[in-house]
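Please work through the exercises below with the sequence and the model open beside you, and try each task before reading its solution.

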Amino acid sequence: MSEPINADQPSKPFDDQHYLLALRQQMLKFSNLQIADSALAEDAVQEALMAALKKVDSFSGRAAFKTWVFAILKNKIIDILRQRRRFVEADSLGQTGAEDKLLQDDVFNAGGHWHLVERPQNWTEPQLAMQNQHFWRVFEVCLDHLPPQQAQIFMMREFIGLDTGEICASTGVSISNLHVLLYRARLRLRTCLEKHWFLKGEDSD
Amino acid sequence: MKIVINCRKATQLMSESRERTLSRRERWALALHKAMCSGCRNFDRQIEALSDLTEGFKYVSHGADEKSNGNREG
């Protein structure tokens with residue numbers, strides 16, 4: 001199902017090597033967050049790209065193409081995670097527990113209330129940050145600083161948009177651990193973003 | 001569960017409410033806490049924003065600038 005090429009339409013994603021390389025890098029990064037085995041992570045990206053390129057003619061915009069290619073990647077990753085469920089299970093909650101106790105002690109006092117300097121502030125127009133390349137660099141760094149299992153679960157939930165049942169089924173994490181991991185990831189991410197972006201007043205570009 | 005909760009518990013419930021329906025008692029405790037605590041009200045808005053931002057992260061390109069054609073859906 002290809003459609004006629006419009007003269008003022010940008011070139012197909014396919015024709016632009018730089019675009020494809022950048023896209024592949026992003027997919028790899030994402031895939032690596034989900035799958036600890038980098039060879040498998042790369043296989044998933046390769047397969048998703050091949051599948052997507054077969055249908056490239058039905059997409060005139062890069063955004064549409066990218067959404068679609070990530071949808072394929074997400075399914076490849078889910079398949080791999082299902083097969084490797086036991087492997088993921090070995091990555092226990094306990095490993096990062098001590099580290100997170102530290103973070104929580106940093107932001108909450110003994111009574112469980114925010115330390116004065118850590119109390120969340122009002123983020124002015126967070127959607128404006130989305131248009132800022134610098135913001136996304138900060139976002140990525142904050143994501144990279146999450147403990148691996150938190151990053152994996154958080155991305156499955158918020159980036160891929162899986163529901164909790166699917167995440168528990170494909171990772172073997174219990175529902176209560178899932179709640180804990182998501183809470184910790186959100187607490188970390190918001191702390192990182194506030195400290196490194198929203199309190200710096202750079203979001204108005 | 002107690003009706004008066006601290007910020008740690010309140011933020012846990014806020015996070016969990018994005019994945020499950022809170023019990024009536026949890027909702028009361030949370031509403032009461034939020035009425036008194038601006039930090040936790042901000043936290044609630046922030047994790048909502050975090051969700052939108054992460055969704056938006058899908059469309060970020062680190063290479064070519066796609067702002068000019070980013071909204072074309074074909």
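The following exercises concern a predicted model, and each solution proceeds step by step.

**Exercise 1. Determine which cysteines are joined in a disulfide, and what handedness that disulfide has.**

Begin with the sulfur atoms: a pair counts as a disulfide when the two sulfurs lie within 2.5 Å. A:Cys142 and A:Cys192 satisfy this cut-off, with an S to S distance of 2.0 Å, and the count over all chains comes to 1 disulfide. Next, locate the two partners: A:Cys142 belongs to helix α7 (residues 133-144) of chain A, whereas A:Cys192 belongs to helix α10 (residues 175-198) of chain A, so that the pair, 50 residues apart, links distant parts of the chain. Then consider the torsion about the S-S bond, which is about -80° and therefore makes the disulfide left-handed. Finally, compare the accessibilities with the cut-off for buried residues, which is under 20%: A:Cys142 is buried at 3% relative accessibility, and A:Cys192 is buried at 17%.

**Exercise 2. Explain why B:Cys40 is not bonded to B:Cys37.**

Start from B:Cys37, which is in no disulfide and whose nearest cysteine sulfur is that of B:Cys40, 3.7 Å away. Now take the view from B:Cys40: its closest cysteine sulfur is in B:Cys37, and because the distance is 3.7 Å, the two are too far apart for a bond. As a last step, check the surroundings of each residue: B:Cys37 is buried, with a relative accessible area of 11%, and B:Cys40 is buried as well, at 0%.

**Exercise 3. Describe the make-up of chain B, and then place B:Leu32 within a helix and a surface patch.**

First, count the secondary structure elements: chain B has 3 helices and 0 strands, and along the sequence these follow the pattern α-α-α. Second, turn to burial and contacts: of the 74 residues in chain B, 46% are buried, while among contacts with a separation of 6 or more, 57% are between residues 24 or more positions apart. Third, look at the surface, where carbon and sulfur atoms hold 48% of an accessible area of about 4,000 Å². Fourth, find B:Leu32 in helix α2 (residues 24-36) of chain B, where B:Leu32 is partly exposed, with a relative accessible area of 40%. Together with B:Ile3, B:Val4, B:Trp28 and B:Met36, B:Leu32 makes a nonpolar surface patch of about 520 Å².

**Exercise 4. Characterise the interface between chain B and chain A, and name a salt bridge that crosses it.**

Begin with the residues that meet: 44 residues of chain B are in contact with 54 residues of chain A. The two chains bury about 4,300 Å² between them, and 60% of this is on carbon and sulfur atoms. On the chain B side, B:Arg8, B:Glu19 and B:Leu53 lose the most area to chain A, together accounting for 16% of what that side buries. Then turn to charged pairs: the count between the chains is 2 salt bridges, and in one of them the side chain of A:Arg186 meets that of B:Glu19, with an N to O distance of 2.7 Å.

**Exercise 5. State what is notable about phi of A:Glu125, and where this residue lies.**

Read the backbone angle first: phi of A:Glu125 is near 40°, a positive value in a residue other than glycine. Then place A:Glu125 in the loop between α5 (93-107) and α6 (126-129) of chain A, where, at 47% relative accessibility, A:Glu125 counts as partly exposed.

Notes: Residues are numbered from 1 along each chain as its sequence is written. Chains are lettered from A and ligands numbered from 1 in the order in which they are written. This is a predicted model: local features need pLDDT of at least 70, side-chain atom pairs count only at pLDDT 80 or more; totals for chains, interfaces and linings use all residues. Side-chain values use heavy atoms; hydrogens and water are left out. Patches are made of residues with over 30% relative accessible area and no salt bridge: like charges are joined within 9 Å, nonpolar side chains (Val, Leu, Ile, Met, Phe, Trp, Tyr) within 5 Å. Accessible areas come from the Shrake-Rupley method with a 1.4 Å probe; for residues, only the protein chains shown count as cover. A salt bridge is a side-chain nitrogen of Lys or Arg within 4 Å of a carboxyl oxygen of Asp or Glu. Helices (H or I, at least four residues) and strands (E, at least two) are DSSP runs, numbered from the N terminus. Buried means under 20% relative accessible area, exposed over 50%, partly exposed in between (1.4 Å probe, protein chains only). Contact means heavy atoms within 4.5 Å. Buried area is the accessible area (1.4 Å probe) that two parts lose on being put together, summed over both.
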